[in-house]
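Please look over the chain shown below, with attention to how its helices pack and to what lies at its surface.

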Amino acid sequence: MKAVFARLPTAVDTRIRVFAIATLVAQILIVGTGGAVRLTGSGLGCPTWPRCTDESFVTTPEMGIHGIIEFGNRLLTFVLVAIAIIMFVLVLRIRRERRDLFVLSLLIGLYVPIQAIIGGITVLTNLNPYVVGLHFLASVVLVSLAAMLVYRVFIGPRGDKTLVPLWYSALVHATSVLVAVTILVGILVTGSGPHAGDGGAARNGLDSEFLQHVHSWPAYATFAATLLLVVGAWRFRHVRLLRFTIVLLLVEGVQILVGLAQARLGLPEILVGIHMVLACCLAAAMTAVVLALREPRHVEG
């Protein structure tokens, strides 16, 4: 055990960087596979949890393609757990110098099984739309934590110095609230629409067409606010902040185009899936913009 501990990183190195990126990619990927489960009507492909059937932990031939899709998504949870454990172990030796990485790795490691339990509850409640929405929201939180981990690994720990005026910081935080509202309303829209994950699953009973319009309001407001953030970062000559605000603006632009297309084309499954993944990318980009408000603290080694 001592030999293994001795081989752990004494500073942020390639191993930590690789697994930080893997954490973020895997968290977004499982949203994509979860979307595939829902959009193919495979939400109850494994009709119970934690087993796939009452007698088997794995899918059976009788479950068909829906069982394979649902079980495949469940298997990816174990990949997330493995990545989380490895990431946590890698930062153990630098837990004092980089407490931020230690805490984030721990939070993500604890959160993954909680998210799996919420996923199990969605099955046990026959895909209740509000529980399904909570499941997606928990994924967004995990993506944000993973984005924070990647940022801290590559940029550095939180510093005390802010290089932008108060109004700009306030606008960034207001934009983050708009992003959160956009995602929350989007969850309600999905819960009222046709993609229930299973033919027998209930909908939330809200007016889907009206909610689509409501969903667009904070989305457009977010885009307008982000335009101001890009201009401000350019005027302040804050290169890092400018890069992240441009990324945020691009994600929002693509997200708006996909949203308009899916509304006009009758919510085709592929566009709905892309929209879900982009929502997670939006949360990750917004997290980076918020973190970029402060200059990182320099760390030796």
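The report below takes up helix packing and then a few surface positions.

The coordinates come from a predicted model, and the values given here were computed from that model. Two packed helices are described by the angle between their axes and the distance between the axes, and the table sets out these values for two pairs.

| Helix pair | Angle between axes | Distance between axes |
|---|---|---|
| Helix 4 (residues 99-124) and helix 5 (residues 129-155) | about 165° | 10 Å |
| Helix 7 (residues 208-236) and helix 8 (residues 239-264) | about 155° | 9 Å |

For helix 7 and helix 8, the angle of about 155° makes the two helices roughly antiparallel, because angles over 145 degrees count as such. Helix 4 and helix 5 are likewise roughly antiparallel to each other, their angle being about 165°. As for handedness, helix 4 passes helix 5 in a left-handed crossing, and the crossing of helix 7 and helix 8 is left-handed as well.

Turning to the surface, I21, V25 and F154 together form a nonpolar patch, with a combined accessible area of about 260 Å². Of these residues, V25 belongs to helix 2, which covers residues 14-39, and V25 has a relative accessible area of 48%, so that it is classed as partly exposed.

T40 is found in the loop between helix 2 and helix 3 (64-90), and with a relative accessibility of 37% T40 also counts as partly exposed. Although T40 and I69 are 29 residues apart along the chain, their C-alpha atoms are separated by 8.5 Å in the model.

Conventions:
Residues are numbered from 1 along each chain as its sequence is written. This is a predicted model: local features need pLDDT of at least 70, side-chain atom pairs count only at pLDDT 80 or more; totals for chains, interfaces and linings use all residues. Side-chain values use heavy atoms; hydrogens and water are left out. Patches are made of residues with over 30% relative accessible area and no salt bridge: like charges are joined within 9 Å, nonpolar side chains (Val, Leu, Ile, Met, Phe, Trp, Tyr) within 5 Å. Accessible areas come from the Shrake-Rupley method with a 1.4 Å probe; for residues, only the protein chains shown count as cover. A salt bridge is a side-chain nitrogen of Lys or Arg within 4 Å of a carboxyl oxygen of Asp or Glu. Helices (H or I, at least four residues) and strands (E, at least two) are DSSP runs, numbered from the N terminus. Buried means under 20% relative accessible area, exposed over 50%, partly exposed in between (1.4 Å probe, protein chains only). Axes are lines fitted to C-alpha atoms, for helices over the stretch in contact, and angles run from 0 to 180 degrees between N-to-C directions. Angles under 35 degrees count as roughly parallel, over 145 as roughly antiparallel, 65 to 115 as roughly perpendicular and the rest as oblique. A crossing is left-handed if the near helix is turned anticlockwise from the far one by less than a right angle, and right-handed if clockwise.
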